Amino acid sequence: MKAISPSIKKNKLTRYAIILLLLVYSYFLWLMIKITLQYWPIQTDVAFLSIKQDYIHLLHYRIAFFIHVFSAIFVLLAGYTQFSNSIRIKFPQWHRRLGWLYVVVTLLFAGPSGFIIAIYANGGLSSQIAFCLLAFLWMLFTAMALFKIIKKQVSSHKAWMIRSFALALSAITLRAWKYVLVAAFHPKPMDIYQIVAWLGWTLNLVIAELIILNKIKHEYQTTI
Amino acid sequence: MSIKQLFSLSLIALVSFACDQNSSKDAKEHVITEDVQNIDKEKTLNAEQKEKVQHKTAVAKDVILSLYVGVFRSKKMNDKKNPMLENKISISLDSISNDVLFGHSVVAGNNRSFTGKFIKKDGLYIAECKEPGDDKYDGVFTFTLNPQDESIKGAWTSNDKKLAVTERSYDLKKVEFKYNPHQELGDISVEVYQSSNANTDEFERITSDAGKFNASTTLLKKEDVENMYKRDLEVMRNAIYARHGYSFKNRQMRNFFDAYVDWYIPVSTDVSKDLTDIEKKNIDLIKRYEKHAETYYDVYGR
């Protein structure tokens, strides 16, 4: 079994690519932590909230917003551990523990709170639908992944987890798209917001499907 | 020269009165008697002449004492100090007393009083007025007021010869200033200097959005302002101040309102007490979005 473990088959180039990817990921995670800390200690008149003053008086909005901000950051930790074959094989208990953290945070905290603030999203109906759909699909995919692993259907679990994490990553990709498109085209603030509300996660899902297809192909080839 | 006589008489009276004010009580009595004498002398002027004089001073006051606006153009400057070539200036002539003129000018966020003598020559009023001299940018105005075409033409020289601009000229027209909340920016789309340094080549566009709403008459909602560029928001907010005649310290805003808004007349350096409730609310809202745009528009985050 050990002989065909993918981690050993990896060549040097892939290793460097993974290290680079983890460094880039760490950089964006650092940015996300800084964004989160803007709201600590809890303030209702800073950053994003400065333009949400029409809703900030709503108690459920306030609760949802702060739950989302301070819980969602933990979901991104999964990027370090959950997709590594070696960690999963060497420390399966840690894969499970962090997996539970991801599922609990997503399904009980970050997901539902995300859905509530999505209802009040900036940029009108279009972005409200985009963010509500994002929150709904994120919870759905995460629940599917949990369901599959309880049923011991590992490759299905992997596929749903990849989809779920692709949506979790929208926190990073949405902001990255905004940054790039603003630098390139100087669009108006709400025009760009409406664009990234969709672009920020749909493209992630397309890439997730490509990765899943590639995995299936790869597994098919190795089984032969 | 009955007018001259009258002027000199009253001048003597004034000067002697002023001189004697600080001296002893005896001197005061002396002044009073002299004043009485003056009045007696005045009485000796025939009624016709007197009427004529009174009529003339009334006309003079009516013609002279008003507000004049135009461009304050630099004549002598130091290019290394980033001089402002043109500013809109308003000169208000506030009162006259004999041959002394009292007024004030408002330009580039600076409201300064001036005092000086004037003479009347060929139907024109020629004045030389000094600013108090306790401000870095104080100087001397020399101008000719033409009551016929209601204009003021003249020059200004700075006291401090090390300033970026040491001499300016102006050709001002008589105007009336009245706050009118309905004054609109209209469909404005221009490029303004991005920085306060006029020597740079960086421009920033003010789009027609800046004039989309009149923030003095319409209570704005978040939907109205959330999709606007920071610069447009800034112009929309400052249009409120402009309607009240605020003279901008901020160079970019001054550039814009001076050059592109023809109804704009700078008459005050503090309009905060004049703002209406709608305006105050809109200023708060717009500022919030300006600040947000400035902090977050082109950065990764929120």
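The legends below describe close-up views of a predicted model.

**View 1. The contact between chain A and chain B.** Chain A contributes 17 residues to the contact, and chain B contributes 15 residues. On the side of chain A that touches chain B, at least two residues come from each of α2 (12-37), α9 (170-185) and α10 (189-223). The most is given by α9(A), with 5 residues. By class, this side of chain A has 11 nonpolar, 2 polar and 4 charged residues.

**View 2. Packing of α2(A) against α3(A).** Helix α3 of chain A spans residues 59-75, and its axis lies 10 Å from that of α2(A), at an angle of about 160°. Because angles over 145 degrees count as roughly antiparallel, α2(A) is roughly antiparallel to α3(A). The two helices, α2(A) and α3(A), form a left-handed crossing. From α2(A), the residues A:Met32, A:Ile33 and A:Thr36 meet A:Val69, A:Phe70 and A:Ile73 of α3(A). The contact of α2(A) with α3(A) is made up of 5 nonpolar residues and 1 polar residue, with no charged residues.

**View 3. The cis peptide bond in the loop between α2 and α3 of chain A.** The loop between these two helices contains A:Pro41. The bond that joins A:Trp40 and A:Pro41 is cis, with omega at about -5°. Most peptide bonds are trans.

**View 4. Strand β8(B) and its antiparallel partners.** Strand β8 of chain B (residues 165-175) runs antiparallel to strand β1 of chain B (residues 67-77), and 8 bridges join them. Within this pairing, B:Val69 has B:Lys173 in β8(B) as its bridge partner. Strand β7 of chain B (residues 151-158) is also antiparallel to β8(B), to which 7 bridges join it. Here B:Asp171 in β8(B) stands opposite B:Lys153. The connection from β7(B) to β8(B) is a hairpin through 6 residues.

**View 5. B:Asp122 in the loop between β4 and β5 of chain B.** The flanking strands of this loop are β4 (110-121) and β5 (124-130). B:Asp122 is a residue other than glycine with a positive phi, near 50°. B:Asp122 counts as exposed because it has 6 C-beta neighbours inside 10 Å, and the limit for exposed is 12 or fewer.

**View 6. B:Glu150 in the loop between β6 and β7 of chain B.** B:Glu150 is placed in the loop that follows β6 (139-146) and leads to β7 of chain B. The phi of B:Glu150 is positive, near 50°, in a residue other than glycine. Most residues other than glycine have a negative phi. With 14 other C-beta atoms within 10 Å, B:Glu150 is partly exposed.

Key: Residues numbered from 1 in each chain as written. Chains lettered and ligands numbered in written order. Predicted model: local features only at pLDDT ≥ 70, side-chain atom pairs only at ≥ 80, totals over all residues. Contact = placed C-beta atoms within 7 Å. Helix = DSSP H or I, 4+ residues; strand = E, 2+ residues; numbered from the N terminus. Nonpolar A, V, L, I, M, F, W, Y, C, P; charged D, E, K, R; others polar. Axes fitted to C-alpha atoms, helices over the stretch in contact; angles between N-to-C directions. Parallel < 35°, antiparallel > 145°, perpendicular 65-115°, else oblique. Left-handed = near helix turned anticlockwise from the far one by under 90°. Pairing = 2+ DSSP bridges. Buried ≥ 20, exposed ≤ 12 C-beta atoms within 10 Å, placed from the backbone.
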